[in-house]
Amino acid sequence: MARIGDLLAAGRTYSFEFSPPKTAAASLSLGHTIAELQPLGPSFVSVTYGAGGSTREHTRDTVLWVRRETSVPPMAHLTCVGHTRDEISAIVSTYVEAGVENVLALGGDPPKNPAEARPSDYERAIDLVEHLRAEADLSLGVAAHPEGHPRSPDLATDRRHLAEKLRLADFAITQFFFDVEHYVSLVNDLADLGVTKPVLPGIMPVTNIAQVTRMAELSGAEFPAWLRDRLEAATDPEDMRRIGIESATELCAALLEVGAPGLHFYTLNKSSATREIYAQLGLPVG
Ligand code: FAD
């Protein structure tokens, strides 16, 4: 069984997200990370996509490598930005031929330099979901933003758009967040809008304050003062890492307690933080 929708219907899933390597050295390092994480028995792994196709070949090659060389089902990310329908059809047919059954359909972010923008046949992720549904028999996921998408006028509007998109998809995966309440309100708001599809929380263990501050600014996630204070009390980088992993473990435990259908880890292509959280949570291995 390799379709994420089916896996979620059968029980909780535990999954890991990677970025495609762009150099031979990065490929070796990612191979090593995946080998270290494989004994944890992940339900699936996902591979990000540079909006506008900047990592097109790297994402495809990594997804196909996971499909061929490991027993873990892969999920390919795809974005609307800068793509025609024909380009998306070509990418998807390569995946289908190789037996890849899962795609995360995303809007993607426009390039920082507007001069680099390429025309797109899609306005929103929902348009890509509709195209993929018509094109292939895939299990389809979409992105959810617990604290609202930064380009949305307000949270209620973002929730309505998400509900509309998730009705057509099989599951959602969230942007990272640090307070369990953000996840609970997202799931409750969707239920109020009549959508009860599984929403997997995205987990980002903070082991480097500067890096996560930058990522939080871009994604619209709050980096809460209580977490910053806790991390800033660290005596050295190793202590900060320990505190970050402890905080992420507490968030995971709280999410499982409120009934999350699984956990999706943003690994940043490293295995150790995820492995430590697994051990601290006492999750089944293999
Ligand atoms: P959309 O669903 O298109 O939403 C974008 C905005 O449009 C939102 O503000 C939404 O409220 C609004 N909107 C939706 N429908 C309507 C409507 N009908 N009318 C008006 N407004 C509307 N980015 C990458 O480039 N590559 C990746 O691999 C990648 N992976 C990700 C993985 C996860 C789990 C998550 C959560 C995000 C990921 N992203 C990735 C980031 C994502 O592409 C950005 O957050 C992007 O800005 C929005 O994507 P979306 O799929 O939510 O877009």
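Mentor: Two strands pair if DSSP finds at least two bridges between them. Helices (H or I, at least four residues) and strands (E, at least two) are DSSP runs, numbered from the N terminus. The model is predicted, so to speak of local features takes a pLDDT of at least 70 and side-chain atom pairs count only at pLDDT 80 or more, while totals for chains, interfaces and linings use all residues. Residues are numbered from 1 along each chain as its sequence is written, and side-chain values use heavy atoms, without hydrogens and water.

Trainee: By what angle, on average, are neighbouring strands of the sheet turned against each other?

Mentor: The sheet is a closed barrel of eight strands, in the order β1-β2-β3-β4-β5-β6-β7-β8, with parallel pairing. With direction ignored, its neighbouring strands are turned against each other on average by 25°. Axes are lines fitted to C-alpha atoms (for helices over the stretch in contact), and angles between N-to-C directions run from 0 to 180 degrees. The average asked for is 25°.

Trainee: Which residue of β8 stands opposite E17?

Mentor: Strand β1 (residues 13-18) runs parallel to strand β8 (residues 262-266), and five bridges join them. In β8, the residue opposite E17 is Y266.

Trainee: In β3, which residue is the bridge partner of S46?

Mentor: Strand β2 (residues 44-47) pairs with β3 in the parallel sense, over three bridges. Such pairing within a sheet is made by backbone hydrogen bonds. The partner of S46 in β3 is M75.

Trainee: Is H77 buried or exposed?

Mentor: H77 belongs to strand β3 (residues 74-79). Buried means under 20% relative accessible area, exposed over 50% and partly exposed in between, with a 1.4 Å probe and protein chains only. Because its relative accessibility is 4%, H77 is buried.

Trainee: With which side chain does the side chain of H77 make a polar contact of 3.0 Å?

Mentor: Contact means heavy atoms within 4.5 Å, and beyond four places in sequence H77 has E17, S46, V47, T48, Y49, T59, L104 and L106 in contact. A polar contact is a pair of N or O atoms within 3.5 Å; within protein, one must be able to donate a hydrogen and the other to accept it, and residues adjacent in sequence count only if both atoms are side-chain atoms. The side chain joined to H77 at 3.0 Å is that of S46.

Trainee: How many of the residues of β3 are buried?

Mentor: One side of β3 has P74, A76 and L78, the other M75, H77 and T79, and all of these are buried. The count for the strand is six of six.

Trainee: Which helix does the chain pass through from β3 to β4?

Mentor: β3 and strand β4 (residues 102-106) pair in the parallel sense over five bridges. The β-α-β crossover between them is right-handed: with the strands pointing away from the viewer, the path from the first strand over the helix to the second runs clockwise. The helix on this path, residues 85-98, is α4.

Trainee: Which helix gives the largest share of the largest nonpolar core?

Mentor: A nonpolar core is a set of buried Ala, Val, Leu, Ile, Met, Phe, Trp, Tyr and Cys residues joined through side-chain atoms within 4.5 Å. The largest has 59 residues, of which L78, L132 and L255 touch the most other members. Its largest share, six residues, comes from residues 237-257, helix α10.

Trainee: Which elements are among those covering the buried residues of α5?

Mentor: In helix α5 (residues 125-135), the buried residues are A125, I126, L128, V129, H131 and L132. Beyond four places in sequence, L132 touches L78, I88, V92, V103, A105 and L140. The cover includes β3, α4, β4, β5 and α6.

Trainee: At about what angle does helix α7 run to β7?

Mentor: Helix α6 (residues 155-168) lies across β5 (139-144), β6 (171-176) and β7 (199-203), at about 170° to β5. Helix α7 (residues 180-192) also lies across β5, β6 and β7. Its angle to β7 is about 160°.

Trainee: How far apart in space are L200 and L255, C-alpha to C-alpha?

Mentor: L200 is in strand β7 and counts as buried because its relative accessibility is 0%. In sequence, 55 residues separate L200 from L255. In space, the C-alpha distance is 9.8 Å.
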